[in-house]
There are 2 protein chains.
Amino acid sequence: MNPHISEQYDAELDATRNQLMEMGGMVEKQLRDASDALIGQDAVLAETVILADKRVNQLEVEIDEQCVNIIARRQPAASDLRTLISILKASTDLERVGDEAGRVAKMAISLAESGISADEFNDFRHIANLTQEMVASSLDAFARLDTEGAMRVIASDAAVDDAYDELVRQRSLRMREDPDAIQRDMSVIWAARALERIGDHAKNICEYVVYLVRGQDLRQRNKKSPS
Amino acid sequence: MNPHISEQYDAELDATRNQLMEMGGMVEKQLRDASDALIGQDAVLAETVILADKRVNQLEVEIDEQCVNIIARRQPAASDLRTLISILKASTDLERVGDEAGRVAKMAISLAESGISADEFNDFRHIANLTQEMVASSLDAFARLDTEGAMRVIASDAAVDDAYDELVRQRSLRMREDPDAIQRDMSVIWAARALERIGDHAKNICEYVVYLVRGQDLRQRNKKSPS
């Protein structure tokens, strides 16, 4: 390949990777804001999360188009092709993280002004911290093609699942004792469910990293049965 | 292109498309069996759904590898490239439909032998029928590249969302009045939630059809805010 064309090509690949990281930064912020909005019962902050989703959705479309264009024009070698396919797949997962953050924001709006003490959300905050960490680490692993980091994120998903199961158990018990709390507890359970799904998407992204680097597909080997 | 090579290439594309349809048939069966298992409180049938998920997951990996191989070896033109990218994306959605069917099956197991009359599941059955129809029609639209059919499926998702909201509302009211029903109603709500997500995946598949045929991206234009 002509070195000039090859430079252009590398620049295109880098630009696409950078855009995926930009999208990652945006959904990280959505996730953080949505969780803070729920705990702080802040409807205004929650609205910003829902508004930001438009831009995240646009970015997914732009990234996909770029990947398809690069593949069509550059006819990349197998390893670059895997990179582009991984970016295509990761952009879908990030878009779904944005959707789930939007669901948390909707629950935050339904809980707003209910005057619940922030202490009542310790179980939710714990899951929010775990999933924020998972998303951040999955983006790091993708950027640095760090399979060990990716494997750690994949392993950490079990902690999110456990924390989520415990939240559902405790809040279901409370609903039995206090029917007036049903609406509120249901909202918190929905929001926690959205976080649990976000953990799954972070895990997916890490599985693309492993697939990319090792050229093997871990996606099915690590597959837990649906929870 | 040499006509012999071109024939091989068409055969490869067809084989991949057929495998996606085979995968579609499998998740349709998972969805039907999982819903029947829940309504009929049949734990044995539910177990078969969970077992079938392994094969569905394998198929996703095989289809992805085939798409990547075809792209790498054949350097397809833009329109074939779009087809292959759409197959790659649709396989991910079908795999997630299988996961969601597995979640319904898990709820079916938790409800098994509880001796609830099938009449009590009319609300759930309604959503199950709607989503089965959506999945079947989305696969038809993909196979026949039928954008009108695809647009109908996209429009029908609102009916699933409405039916789901109504189920949650009714069952939440009942939980207030009958705390002993909380566990059961929560299980039905989880299962209905899984169906509602399956409707979203069917909609995604139809959006790839429209993208493929019209070469434009409807994904963001039709985007509802997360529910």
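# Exercises on a predicted two-chain model

Between chain A and chain B there are 14 salt bridges. The model is a predicted one.

**Exercise 1.** Describe the polar side of the contact between chain A and chain B, with one salt bridge as an example.

Solution.
1. Start with the total: chain A and chain B share 14 salt bridges.
2. Take one of them: Arg82(A) pairs with Glu65(B), with 3.9 Å from N to O. The cut-off for a salt bridge is 4 Å, so this pair counts.
3. Add the polar contacts: 10 residue pairs link chain A and chain B in this way, both residues being at pLDDT 80 or more.

**Exercise 2.** Which elements of chain A give two or more residues to the side that touches chain B, and which gives the most?

Solution.
1. After the polar contacts, counted as 10 residue pairs, list the elements: helix 2, helix 3, helix 5 (147-177) and helix 6 (182-214) of chain A each give two or more residues.
2. Helix 3 of chain A gives the most, with 15 residues.
3. Sort this side of chain A by class: it has 18 nonpolar, 12 polar and 21 charged residues.

**Exercise 3.** State how many residues are in contact and how much area chain A and chain B bury between them.

Solution.
1. On chain A, 51 residues are in contact with 51 residues of chain B.
2. The two chains bury about 4500 Å² between them.
3. Carbon and sulfur atoms account for 54% of that area.

**Exercise 4.** What relation superposes chain A on chain B?

Solution.
1. The operation is a rotation of 180 degrees, with 0.0 Å of shift along the axis and an RMSD of 0.0 Å.
2. This is therefore the relation of a two-fold axis.
3. The same surface serves both copies, as 100% of the contact residues of chain A recur in chain B.
4. The residue of chain A that comes closest to the rotation axis is Gln75(A), with its C-alpha at 2.9 Å.

**Exercise 5.** Gln41(A) and Gln75(A) are to be described by phi, place and accessibility.

Solution.
1. Begin with phi: Gln41(A) has a positive value of about 50 degrees without being a glycine. For Gln75(A), also not a glycine, phi is positive and near 45 degrees.
2. Locate them: Gln41(A) is in the loop between helix 1 (3-40) and helix 2 (43-74) of chain A. Gln75(A) is in the loop between helix 2 and helix 3 (78-111) of chain A.
3. Buried means under 20% relative accessible area. Gln41(A), at 11%, therefore counts as buried.
4. Gln75(A) has a relative accessible area of 37%, and is partly exposed.

Terms used:
Residues numbered from 1 in each chain as written. Chains lettered and ligands numbered in written order. Predicted model: local features only at pLDDT ≥ 70, side-chain atom pairs only at ≥ 80, totals over all residues. Heavy atoms only, no water. Least-squares fit on C-alpha atoms with pLDDT ≥ 70 in both. Contact = heavy atoms within 4.5 Å. Helix = DSSP H or I, 4+ residues; strand = E, 2+ residues; numbered from the N terminus. Buried < 20%, exposed > 50% of the residue type's maximum accessible area, 1.4 Å probe, protein only. Buried area = accessible area lost by both parts, 1.4 Å probe. Salt bridge = Lys/Arg side-chain N within 4 Å of Asp/Glu carboxyl O. Polar contact = N/O pair within 3.5 Å; in protein donor to acceptor, adjacent residues only side chain to side chain. Nonpolar A, V, L, I, M, F, W, Y, C, P; charged D, E, K, R; others polar.
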